[in-house]
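Hi,

Here is the structure I said I would pass on. Have a look at it first, and then read on for what turned up.

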Amino acid sequence: LVATAATVIVTIALVVSINLVHRWFEERRIGQVMDEIMEELSEETFSGISKEVSEESMKDSGFFAADGGKKMWKRGKGRHGRHSATVQYAGRYFAVRVCADGQIASDLENLEILSETDLAEMVEAVQESSCSEGYAWDFRYQAVSGYGETSVENGDTLICFLDCSTDLQERKMLWGVSFAVGLLGILCSFLFIFFMAERNVAPVRESMEKQKRFITDAGHELKTPLSVIGTNMDLLRMDLGENEWVDSTQRQVKKLRKLVTNLIALSKMDEAGMQLERRPFDISGAAQECISPYMEMALMQGKELEEQVAEGLFVKGDEAAVRQLLTILCDNAVKYAAGGRIEVRLYQDGKKAVFETANPWDHSTPSGELDRLFDRFYRGDASRSREKQEGYGLGLSIAGAIAEKSQARLSVREDGRGWIVFQARFQLERVDAAR
């Protein structure tokens, strides 16, 4: 999907760019043609227009026909000869002269597809637009006021019209063809990416599945020897009494048991088909029970834990798993708080129930990398000293996996006080529905 989205964006950008560039060059070319035609139209060649516009058709549009001579408009006699725009575009343009008194005259023999009434309407549209150049119907026009010495005195205006219907039709066709080709290219790219991605990702997926199975199998295999070692240490304590070596071994066995249990739990959470049971339960009561054991623990460490739990909040999820998530956050706050006060809150925010812990911290992790705390085995302390920190860095990873399976959102940030804040947001369940 990401690859296809990138292909769509690039394709649309290319199609739009091609059409815009084509339009820019076309407008530039048409503008140059219009400039050349206007330059070659002199006062002498235009003063005797061959065909008058009838007074009746001019009245329809508010204009009156001018009394013009019968001289033929000589085309293609400019300084560029047969390469001039008037020769190359003969039959596609015509000129109109609008006198100061509102009368107009033109040579429609140069473009026979227009009627006199159409001409009057086009001239009226040009005058209403008050722009010296632009489009009227499918014609590009360019107007020059005060044309020639005599015209300056009279305030006449010369308007040249160039039939651009073919160019505009080609422009529309280019848009249609380019978008059709672009859509076809996107479809082909999607099919190619879909089948190739499946083939390329298969080995990676297989490797990840093997890794998960290995962790689970190894964890179960380690449980037996750890149980044997623990039992043997208990027997040695009975025979030897208090012994520092036995005590040290028992502590390490306890830590290894916890590590193996966490690894197995995390591996099961990662399984694609693994789903947690979802039932409505009272998260307010669960939060109270999870926070309570850490009140005394915080006091023993010289810290103050302040709780604020809103009553009567219900959410839908696996109660045991959510309790484990809340416990991990409380344990993390008490264990790693850098002295002072610890705040634990449960409150309602719109349609969400928010469980939040906040505490001072040692900034061992850069503020921009706080999300890494949810990575497995990540330790903020670069030295990873076991004397300074207990645990293996799996607790928050398990909490993140539980939140994902529970359709909750777990995040971490630093607030304005410089404290670290962990926040879990759950979808609220109506009390009557929960009961």
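Let me start with strand S6 (residues 157-163): 7 of its 7 residues are buried, so the rest of the structure largely encloses it. Buried here means under 20% relative accessible area, with exposed over 50% and partly exposed in between (1.4 Å probe, protein chains only). Strands are DSSP runs of E with at least two residues, helices are runs of H or I with at least four, and both are numbered from the N terminus.

Before going further, some housekeeping: this is a predicted model, so local features need pLDDT of at least 70 and side-chain atom pairs count only at pLDDT 80 or more, while totals for chains, interfaces and linings use all residues. Residues are numbered from 1 along each chain as its sequence is written, and side-chain values use heavy atoms, leaving out hydrogens and water.

Back to S6. Thr157, Ile159, Phe161 and Asp163 point one way from the strand, Leu158, Cys160 and Leu162 point the other way, and all are buried. Which strands does S6 run alongside? Strand S2 (residues 93-98) is joined to S6 by 6 bridges, antiparallel, and strand S5 (residues 139-145) is joined to S6 by 7 bridges, also antiparallel. (Two strands pair if DSSP finds at least two bridges between them.) Leucine 162 is a handy landmark in S6: it is the bridge partner of tyrosine 93 and also of arginine 140. Further along S2, alanine 95 stands opposite cysteine 160 in S6.

S2 is largely enclosed by the rest of the structure too, because 6 of its 6 residues are buried. Tyr93, Ala95 and Arg97 sit on one side of S2 and Phe94, Val96 and Val98 on the other, so to speak a strand covered on both faces.Now the charged pairs. The structure holds 18 salt bridges, each being a side-chain nitrogen of Lys or Arg within 4 Å of a carboxyl oxygen of Asp or Glu. One of them joins glutamate 26 to arginine 171, with the closest N and O atoms 2.6 Å apart. Glutamate 26 lies in helix H1 and arginine 171 in helix H7, so this pair ties together parts that are 145 residues apart in sequence. Both glutamate 26 and arginine 171 are buried.

Arginine 140 also has a salt bridge, with glutamate 133, where the closest N and O atoms are 4.0 Å apart. Is each partner buried or partly exposed? Arginine 140 is buried, at a relative accessible area of 8%, whereas glutamate 133 counts as partly exposed at 42%.

There is a network as well: Glu306, Arg341, Glu343, Arg345, Glu356, Arg413, Asp415 and Arg417 are linked by salt bridges. Within it, the side chains of arginine 345 and glutamate 343 meet at 2.5 Å, N to O, and both residues are buried.

On to the helices. H1 (residues 2-40) has 39 residues and reaches 57 Å from its first C-alpha to its last, close to the 57 Å expected (1.5 Å times one less than its number of residues). Its buried residues include Thr4, Val15, Ile30 and Met38, along with Glu26.

Last, the surface. Leu1, Leu184, Leu187, Phe190, Leu191, Phe194 and Phe195 form a nonpolar patch with about 780 Å² of accessible area together. Leucine 191 from this patch lies in helix H7 (residues 165-240) and is partly exposed, with a relative accessible area of 40%. Patches are made of residues with over 30% relative accessible area and no salt bridge, joining like charges within 9 Å and nonpolar side chains (Val, Leu, Ile, Met, Phe, Trp, Tyr) within 5 Å; accessible areas come from the Shrake-Rupley method with a 1.4 Å probe, and for residues only the protein chains shown count as cover.

Cheers
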